[in-house]
Structure formats: structure tokens, C-alpha cells
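Colleague: I should be grateful for a close look at a single part of this model, together with the contacts that surround it. Please treat the salt bridges with particular care.

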Amino acid sequence: MAGIDETLQDLVQLKGVLGASVVDYFSRLTLGAVGDPAGPDLETAARGDTDVVRAKLFTLELLGYRPERVQDILITLDDELHLIRPLTRRSRQGIFVYLVLDRASGDLDTARDRLRQIESELDV
């Protein structure tokens with residue numbers, strides 16, 4: 001099992017990562033964040049992205065989908081990719097990992113694979 005700080009340090013080592021955070025979307029609290037000071041404000045983004053996660057999970061519930069089916073939520077900007085991974089295992093309900101990638105140098109497939117692995121490794 002890995003702690004939040006260890007997990008975030010691991011994520012920012014991925015090619016093209018500008019920042020990463022772990023967020024509680026019930027309380028809107030950022031549990032940890034690491035990123036380039038010139039990159040996006042991870043605290044502000046995390047607070048706003050709680051609304052994105054809540055809205056998507058609520059919509060899926062209305063459609064009859066289980067929240068565990070969500071693998072990630074991708075927001076594509078002109079020069080960045082914002083990836084949100086809700087950790088839907090029972091013991092981690094209410095937590096998501098937020099990752100910002102440089103669109104030109106980041107590897108989306110590798111980032112998605114690593115976030116999938118974190119689901120079973122992260123100890124919150």
C-alpha cells in the first residue's frame with residue numbers, strides 16, 4: 001500500500017505530467033497535491049472538479065449505471081489533458097485522483113494505466 005504523498009510523487013514522474021492531486025469530493029478537500037508552480041492551481045481545480053465528478057456520478061445513477069463503471073473522466077484542452085479517476089472501491093468512496101498532462105509530451109495511455117494501478121495501491 002502507498003500513501004498519498006508517495007503516490008503523487010510517483011505520478012509526477014510520468015512523462016508530461018504538470019501536476020497531480022488526491023481529492024475528497026464529498027468535502028471538496030485536497031488531500032495532497034504536487035505540481036509545477038507554473039502549472040494550473042491544483043487546489044482550485046480540485047474544488048471545481050468535485051462538481052464534475054458529482055454531476056457525472058449523479059447522471060450515471062439516473063441512467064441506472066453503477067458508479068464503479070466509471071474508469072475516468074477526460075477533459076481535453078488545447079494544450080493540456082485533465083484526467084479525473086474516481087476511486088470507486090468501497091473503502092475509497094468519495095476520493096478521486098486528478099492528473100494534468102501536457103498534451104504534446106504526455107502519454108495518456110500510460111497515465112490511464114498508472115491511475116488504474118493506483119486504485120488498488122493507494123491507502124487513504
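Modeller: The account below concerns helix 3 and its salt bridges, and then turns to helix 2 and the strands. The model is a predicted one.

Helix 3 comprises residues 108-121. A search of the whole structure finds seven salt bridges, and several of the residues involved can be placed individually.

Arg112 pairs with Asp72, with the closest N and O atoms 2.8 Å apart. This pair links distant parts of the chain, since Arg112 belongs to helix 3 whereas Asp72 sits in the loop between helix 2 and strand 3, 40 residues apart. Arg112 counts as partly exposed because its relative accessibility is 24%.

Glu119 forms a salt bridge with Arg85, the closest N and O atoms being 3.5 Å apart. Glu119 lies in helix 3 and Arg85 in strand 4, so this pair ties together parts that are 34 residues apart in sequence. Glu119 has a relative accessibility of 8% and therefore counts as buried. Arg85, at 8% relative accessibility, likewise counts as buried, the cut-off being under 20%.

A further pair stays within the helix. Asp113 and Arg116 form a salt bridge whose closest N and O atoms are 2.4 Å apart; both residues lie in helix 3, three residues apart, about one turn of the helix. An α-helix has 3.6 residues a turn, so residues three or four places apart point the same way. Asp113 is partly exposed at 39% relative accessibility, and Arg116 is partly exposed with a relative accessible area of 37%. In addition, a network of salt bridges links Asp10, Arg114 and Glu121.

Helix 2 spans residues 42-62 and has 21 residues; from its first C-alpha to its last it reaches 30 Å, close to the 30 Å expected at 1.5 Å a residue. A bend of about 25 degrees occurs in helix 2 at Gly48. The buried residues of helix 2 include Ala45, Ala46, Asp49 and Val53, and its buried residues pack against strands 1, 2, 3, 4 and 5.

One residue of strand 1 gives a view of this packing. Ser21 lies in strand 1 and counts as buried because its relative accessibility is 0%. Leaving aside neighbours within four places in sequence, the contacts of Ser21 include Ala46, Thr30, Gly32 and Phe96.

Finally, at the surface, Leu29, Leu31 and Val124 form a nonpolar patch with about 260 Å² of accessible area together. Leu31 lies in strand 2 and, at 35% relative accessibility, counts as partly exposed.

Conventions
Residues numbered from 1 in each chain as written. Predicted model: local features only at pLDDT ≥ 70, side-chain atom pairs only at ≥ 80, totals over all residues. Heavy atoms only, no water. Patch = residues over 30% accessible without salt bridge, like charges linked within 9 Å, V, L, I, M, F, W, Y side chains within 5 Å. Areas by Shrake-Rupley, 256 points an atom, 1.4 Å probe, with all protein chains shown as cover. Salt bridge = Lys/Arg side-chain N within 4 Å of Asp/Glu carboxyl O. Helix = DSSP H or I, 4+ residues; strand = E, 2+ residues; numbered from the N terminus. Buried < 20%, exposed > 50% of the residue type's maximum accessible area, 1.4 Å probe, protein only. Expected span 1.5 Å × (residues − 1). Bend = angle between axes of the 7 residues up to and from the residue. Contact = heavy atoms within 4.5 Å.
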